[in-house]
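Visitor: Could you take me slowly through one part of this model, the sheet in the second chain and what packs on it? I would like a connected account rather than a list.

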Amino acid sequence: MKAKVHVTLKQGVLDPQGKAVQHALAALGFDGVEGVRQGKFIELELSETDPAKAEAKVEDMCQKLLANMVIEDYRVDILEG
Amino acid sequence: MKTAVIVFPGSNCDRDVQVALRQSMGSEPLMVWHGDASLPDVDLIVVPGGFSYGDYLRSGAMAAQSPVMRDVVAKAEKGVPVLGICNGFQVLTECGLLPGVLMRNAGLKFVCKDVHLRTEVADTAFTGGYSQGQVIRIPVAHHDGNYFADDDTLARLRDENRIAFRYVDGDGEQGNGANPNGSIDDIAGILNETRTVLGLMPHPERLSDPALGGNQGRPMFDGLVAALS
């Protein structure tokens with residue numbers, strides 16, 4: 001079973017890297033990019049076969065290590081099979 | 001006085017701190033490898049600067065999970081003073097001994113230069129070598145020094161007088177581009193609730209001998225020795 005974790009900065013936390021990417025896109029001529037938020041993508045291979053248990057375990061991992069809850073949010077997607 | 005310096009893979013200011021402590025104490029600090037399960041009883045623990053674990057995941061995040069850090073946290077909770085410098089500050093926020101987080105510098109670049117700090121709290125073991133309001137010049141060298149905390153945490157830090165150092169200009173004034181990393185409220189260093197843990201981004205150990213170009217970092221180590229011996 002696979003888990004895909006997206007870690008992103010919370011709303012309201014300034015993302016200077018996202019801003020820099022936004023400016024670079026504008027400089028390349030890409031119009032209409034109204035915002036860029038940069039984050040991390042983490043893929044986990046799990047031996048767990050129960051999706052609910054897997055999700056609970058990955059949530060715990062996010063809170064203890066994968067995300068810094070002061071400034072980051074996370075989203076967990078469990079892929080069966 | 002007995003001190004310990006924690007050494008992680010990627011620490012690079014551990015020996016600078018060792019030299020600064022030796023100079024002020026007149027004896028050798030203990031260098032403790034991160035993989036050790038515990039450290040001996042000491043009067044002061046220093047978590048030094050560097051790039052522990054290559055800054056993987058987030059600066060300080062992996063080091064905060066090192067075996068020895070469990071004992072550092074346990075000892076800190078019993079009141080043993082802990083000083084975290086630069087990457088050490090990042091590690092202390094990641095392991096929960098200090099609130100908030102050190103984000104990427106607002107200017108996105110690694111900043112390595114001397115800065116001026118104003119001593120905001122002089123009545124602690126860490127800052128007793130300075131006088132209240134004293135402006136000192138020591139270097140910063142970091143990519144992730146942009147201190148951030150939520151509004152409630154920031155209000156507590158202010159109300160409880162736990163902001164130990166702020167970035168200022170040479171005249172001791174905030175603003176005028178004195179803040180090198182965009183940190184909230186120009187914060188350069190903070191204390192924990194019991195004022196026994198200090199984390200700061202600038203490096204006192206790097207200017208603690210005139211041969212290094214200045215010695216305004218030295219009073220921090222002299223003050224610790226005076227307070228803790």
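Guide: In this predicted model, strand 6 (residues 111–119) of chain B runs antiparallel to strand 7 of chain B, and eight bridges join the two. Within that pairing, B:Cys112 stands opposite B:Ala141 in strand 7 of chain B. Strand 6 of chain B is also joined to strand 9 (residues 163–168) of chain B, again in the antiparallel sense, by four bridges, and here B:Leu117 has B:Tyr167 of strand 9 of chain B as its bridge partner.

These pairings belong to an open sheet of nine strands in chain B, whose order is 2-1-3-4-11-10-9-6-7 and whose pairing is mixed. The edges are formed by strand 2 (30–33) and strand 7 (135–142) of chain B, each of which pairs on one side only. From one strand of this sheet to its neighbour the turn is 25° on average, with direction ignored.

The parallel sense appears where strand 4 (residues 82–85) of chain B pairs with strand 11 (residues 197–200) of chain B over four bridges. There, B:Ile85 stands opposite B:Leu200 in strand 11 of chain B. As a general point about such elements, the side chains of a regular strand alternate between the two faces of the sheet.

What packs against this part of chain B is helix 2, which spans residues 67–77 and in which B:Val68, B:Met69, B:Val72 and B:Ala76 are buried. Seen down the axis of helix 2 of chain B, the buried residues fall within an arc of 100°, and they therefore line one face of the helix. On the other side of helix 2 of chain B, B:Pro67 and B:Ala74 are exposed. The partners of the buried residues of helix 2 of chain B are strand 1 (3–7), strand 2, strand 3 (44–47), strand 4 and strand 11 of chain B, so that the edge strand 2 of chain B and the parallel pair of strands 4 and 11 of chain B are among the elements against which this helix face packs. Just after helix 2 of chain B, B:Gly79 takes a positive phi of about 105°.

Chain B also touches chain A, in a contact that takes 10 residues from chain B and eight residues from chain A. On the side of chain B that touches chain A, the residues divide into six nonpolar, two polar and two charged.

Technical notes
Residues are numbered from 1 along each chain as its sequence is written. Chains are lettered from A and ligands numbered from 1 in the order in which they are written. This is a predicted model: local features need pLDDT of at least 70, side-chain atom pairs count only at pLDDT 80 or more; totals for chains, interfaces and linings use all residues. Two strands pair if DSSP finds at least two bridges between them. Axes are lines fitted to C-alpha atoms, for helices over the stretch in contact, and angles run from 0 to 180 degrees between N-to-C directions. Two residues are in contact if their C-beta atoms, placed from the backbone, lie within 7 Å. Ala, Val, Leu, Ile, Met, Phe, Trp, Tyr, Cys and Pro count as nonpolar, Asp, Glu, Lys and Arg as charged, and the others, Gly among them, as polar. A residue is buried if 20 or more other C-beta atoms lie within 10 Å of its own, exposed if 12 or fewer, and partly exposed in between; C-beta atoms are placed from the backbone. The arc is that of the directions from the helix axis to the C-beta atoms.
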